[in-house]
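Thank you for making time for this today. I would like to walk through one protein chain slowly, and I will begin with a single pair of side chains before moving out to the rest.

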Amino acid sequence: MDPTDIDWDALLAEAIDAMEHAYCPYSNFPVGAAGLTADGWLVSGCNVENAGYGVTLCAECGMVSDLIRSGGGSLVAVVAVNGNEEPVAPCGRCRQLIYEHGGPSCLVLMPDGVAPMTEVLPGAFGPHDLTSVAQAAPASSEEKEGHDGSL
């Protein structure tokens, strides 16, 4: 999809609306995310923090949850914004989520402009990697180690 075919203003507005609902009492760093599906639907999410920091949910997690809850589909464009309503780069985990549900051609509004997932997450690991492993025969311990048992 061509970046000019995307209504980036509508996506930004949806992300800002989501950001305004963020639960972030620990970092005070609200984030909202919005995505456009191939079917033209908008999905969104906000960050939800937790006292156990490791179980905090990023805004993009909420957006993907909204995508699945509303019937699924494929993301074609994504925006995440901070409390200043400025685009922010997704973290590594969220880049993986976006790739899983949008693929290599999904467009992401980064702080420096629009980029396809091939630039946002180069060399991405995806479903295709799982099928290639599932079809390969598992290696034996002899193949993993030298013939004398050394690594």
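Which side chain meets that of Asp 66 in a salt bridge? The partner is Arg 69, and the distance from N to O in this salt bridge is 2.6 Å. Please keep in mind, here and throughout, that we are looking at a predicted model. As a general point, side chains of opposite charge can pair when their charged atoms come close. By the rule used here, the count for this model comes to 1 salt bridge, and both of its residues lie in helix α2, 3 residues apart, which is about one turn of the helix. The two partners have rather unlike surroundings, since Asp 66 is buried with a relative accessible area of 16%, whereas Arg 69 is exposed with a relative accessible area of 64%. If we leave aside the neighbours within four places in sequence, Asp 66 is in contact with Val 43 and Ser 44.

Let me step back to the whole chain for a moment. The protein chain has 6 helices and 5 strands, and if you follow the elements from the N terminus, they run α-β-β-α-β-α-β-β-α-α-α. There are 151 residues in the chain, and buried ones make up 36% of them. If we take the contacts between residues at least 6 apart in sequence, 58% of those contacts join residues that are at least 24 apart. The accessible surface comes to about 8,600 Å², and 55% of this surface belongs to carbon and sulfur atoms.

Now to the inside of the protein. The largest nonpolar core has 21 residues, and among those with the most contacts inside it are Met 63, Leu 75 and Met 117. Several elements, namely α2, β3, α3, β4 and α4, each supply at least two residues of this core, and the largest share, 4 residues, comes from α2. There is also a second, separate core of 14 residues, which includes Ile 16, Met 19, Ala 77 and Val 79. Returning to Met 117, and not counting residues up to four places away in sequence, we find that Met 117 touches a list of residues including Arg 95, Ile 98, Tyr 99, Val 108 and Pro 122.

Since α2 has now come up twice, it deserves a closer look. The buried residues of α2 include Ala 59, Glu 60, Cys 61 and Met 63, along with Asp 66 from our salt bridge. What covers the buried residues of this helix includes β1, β2, β3 and α3. After α2 comes Gly 71, whose phi is positive, near 115°.

Helix α3 makes a useful companion example. Its buried residues are Cys 94, Ile 98, Tyr 99 and Gly 102. Seen down the axis of α3, these buried residues fall within an arc of 145°, so they line one face of the helix. Just after α3, Gly 103 takes a positive phi of about 75°.

What about positive phi in residues that are not glycine? Asn 28 is one such residue, with a phi of about 55°, and Asn 28 lies in the loop between α1 and β1, where its relative accessible area of 61% makes it exposed. Glu 85 also has a positive phi, near 65°, and Glu 85 is found in the loop between β3 and α3, with a relative accessible area of 41% that counts as partly exposed.

How far apart are the C-alpha atoms of Gly 32 and Glu 60? They are separated by 7.6 Å, although the two residues are 28 residues apart along the chain. Gly 32 is found in strand β1, and at 0% relative accessibility Gly 32 counts as buried. Not counting residues up to four places away in sequence, Gly 32 touches, among others, Ala 15, Met 19, Gly 45, Ala 59 and Val 79.

Let me finish on the outside of the protein. A nonpolar surface patch of about 520 Å² is made by Tyr 23, Tyr 26, Val 48, Tyr 53 and Leu 57. Of these, Tyr 23 has its place in the loop between α1 and β1, and at 45% relative accessibility Tyr 23 counts as partly exposed.

Terms used
Residues numbered from 1 in each chain as written. Predicted model: local features only at pLDDT ≥ 70, side-chain atom pairs only at ≥ 80, totals over all residues. Heavy atoms only, no water. Core = buried A, V, L, I, M, F, W, Y, C linked by side-chain atoms within 4.5 Å. Buried < 20%, exposed > 50% of the residue type's maximum accessible area, 1.4 Å probe, protein only. Contact = heavy atoms within 4.5 Å. Salt bridge = Lys/Arg side-chain N within 4 Å of Asp/Glu carboxyl O. Areas by Shrake-Rupley, 256 points an atom, 1.4 Å probe, with all protein chains shown as cover. Arc of directions from axis to C-beta. Patch = residues over 30% accessible without salt bridge, like charges linked within 9 Å, V, L, I, M, F, W, Y side chains within 5 Å.
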